[in-house]
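Me: I'm new to this structure and would like a close look at one part of it, the strand that carries Q195 and T196. Could you set the scene with the whole chain, then go through that strand and a few other spots for context?

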Amino acid sequence: MKITDVEITELEKKDVFTFRPLRLEDADTLYAWMHQKHIAPFWQLDLPMEPFKEWVESSITAEHKDCYLVDWNGEPAGYLIAYRAADDPVHHYYDHREGDLGMHVLVGPEKYLNKQAGRQLLQSMIQFLFFTYETERIIGEPDIRNRIILPIMKGLGGEVLHRVHLPHKRAALIAGEKQTVEQVRNKRGIHVSFQTKEGKEALHGKNG
């Protein structure tokens with residue numbers, strides 16, 4: 001199992017964000033998050049534990065997406081899904097380019113639901129995706145009711161293409177060009193470094 005540390009230094013403050021593939025043992029953490037009031041309306045996964053574990057297991061073994069748990073300085077902080085936009089219905093809703101990478105994000109602990117902490121967490125996720133995947137553009141589709149994620153993504157260099165009516169929500173389709181995101185990061189004087197290592201535990205499925 002590959003684990004990636006994303007070290008972000010801003011204003012001489014250093015934070016380490018650790019990304020590792022989702023495991024079945026993470027079900028308890030995700031279960032608690034999915035039942036929080038700031039998450040349940042958007043993800044609609046506030047299920048009983050047994051069907052929720054089945055959802056976690058299916059996510060781990062899915063071929064069309066990669067799922068990660070994110071730790072912030074050693075504490076669980078978020079959940080990230082990466083998927084090929086070409087393999088998802090979302091590509092029908094915009095001028096799709098070959099290689100576009102889609103992302104879904106979840107900010108776990110409620111204490112991170114503020115502009116500063118949310119920006120740091122999403123910054124780490126976006127940097128991780130550009131480092132890990134061969135893509136020049138990341139696509140997001142946050143619910144238009146989400147008043148936290150959307151402004152943060154725009155502040156990190158994302159551009160709202162338009163609003164769309166997806167089968168399960170009304171969303172703002174937003175695109176982050178790698179070059180633009182890097183320009184915004186450099187303008188803020190933010191330094192990013194990466195370290196990839198092998199974890200001790202083996203995973204079943206494509207992330208192993």
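Reply: Let's begin with the overall layout. The chain has six helices and nine strands in its secondary structure. Its radius of gyration is 16 Å, close to the 17 Å from the globule rule for 208 residues, so the chain is as compact as a globular protein of that length. Keep in mind that this is a predicted model.

A few more whole-chain numbers help. Measured out along the principal axes, the C-alpha atoms fit a box of roughly 45 × 40 × 35 Å. Buried residues make up 51% of the 208 in the chain. The surface that the chain exposes comes to about 10,800 Å², and 50% of that is supplied by carbon and sulfur atoms. As for charge, there are 27 positive and 31 negative ones, and their mean positions sit 6 Å apart.

One more number leads into your strand. Take the contacts between residues at least 6 apart in sequence: 66% of them join residues at least 24 apart. The strand you picked gives some examples of partners from far along the chain.

That strand is β9, made of residues 191-198, and Q195 lies in it. Q195 is partly exposed, because its relative accessible area of 48% falls between the 20% and 50% cut-offs. Setting aside neighbours within four places in sequence, Q195 is in contact with I3, T4 and D5. Its C-alpha is also 6.8 Å from that of V6, although 189 residues separate Q195 and V6 in sequence.

T196 is in β9 too. With 42% relative accessibility, T196 also counts as partly exposed. Beyond the residues up to four places away in sequence, T196 touches K2, I3, T4 and F131. So which of these partners makes a polar contact with the side chain of T196? The side chain of T4 does, at 3.4 Å. T4 and I3 are therefore on the contact lists of both Q195 and T196, with the cut-off for a contact being heavy atoms within 4.5 Å. Looking a bit further out, the C-alpha atoms of T196 and T18 are separated by 9.6 Å, with their positions 178 residues apart along the chain.

Where do the numbers of those partners fall? Strand β1 covers residues 2-10 and strand β2 covers 13-21. In the loop between β1 and β2 you'll find E12. E12 is exposed, with a relative accessibility of 80%. Its backbone has a quirk as well: phi is about 65 degrees, a positive value, although E12 is not a glycine.

N73 shows a similar feature in another loop. This residue sits between β3 (65-72) and β4 (75-84), and its phi is near 50 degrees, positive again in a residue other than glycine. N73 is partly exposed, with a relative accessible area of 48%.

For a buried spot, try H38, in the loop between α1 (27-34) and α2 (40-43). Its relative accessible area is 17%, and H38 counts as buried because that is under 20%. Leaving out neighbours within four places in sequence, H38 is in contact with V107, G108, E110 and L113. V107 offers a polar partner too: its backbone oxygen is 3.3 Å from a polar atom of the H38 side chain.

Two last stops lie elsewhere along the chain. V160 belongs to strand β7, residues 159-166, and is partly exposed at 33% relative accessible area. Apart from neighbours within four places in sequence, its contacts are L150, K154, A172, L173 and I174. I126, by contrast, is 34 residues from V160 in sequence and 16 Å away, C-alpha to C-alpha.

T180 is in helix α6, which runs over residues 178-187. At 31% relative accessibility, T180 is partly exposed. Between the C-alpha atoms of T180 and L156 there are 8.7 Å in space, and the two residues are 24 apart in sequence.

Back at β9, the picture to keep is this: Q195 touches I3, T4 and D5, while T196 has a polar side-chain contact with T4.

Notes: Residues numbered from 1 in each chain as written. Predicted model: local features only at pLDDT ≥ 70, side-chain atom pairs only at ≥ 80, totals over all residues. Heavy atoms only, no water. Helix = DSSP H or I, 4+ residues; strand = E, 2+ residues; numbered from the N terminus. Rg over C-alpha atoms; globule rule 2.2 N^0.38 Å. Buried < 20%, exposed > 50% of the residue type's maximum accessible area, 1.4 Å probe, protein only. Areas by Shrake-Rupley, 256 points an atom, 1.4 Å probe, with all protein chains shown as cover. Lys, Arg positive; Asp, Glu negative; His and termini not counted. Charge placed at Lys NZ, Arg CZ, Asp CG, Glu CD. Polar contact = N/O pair within 3.5 Å; in protein donor to acceptor, adjacent residues only side chain to side chain.
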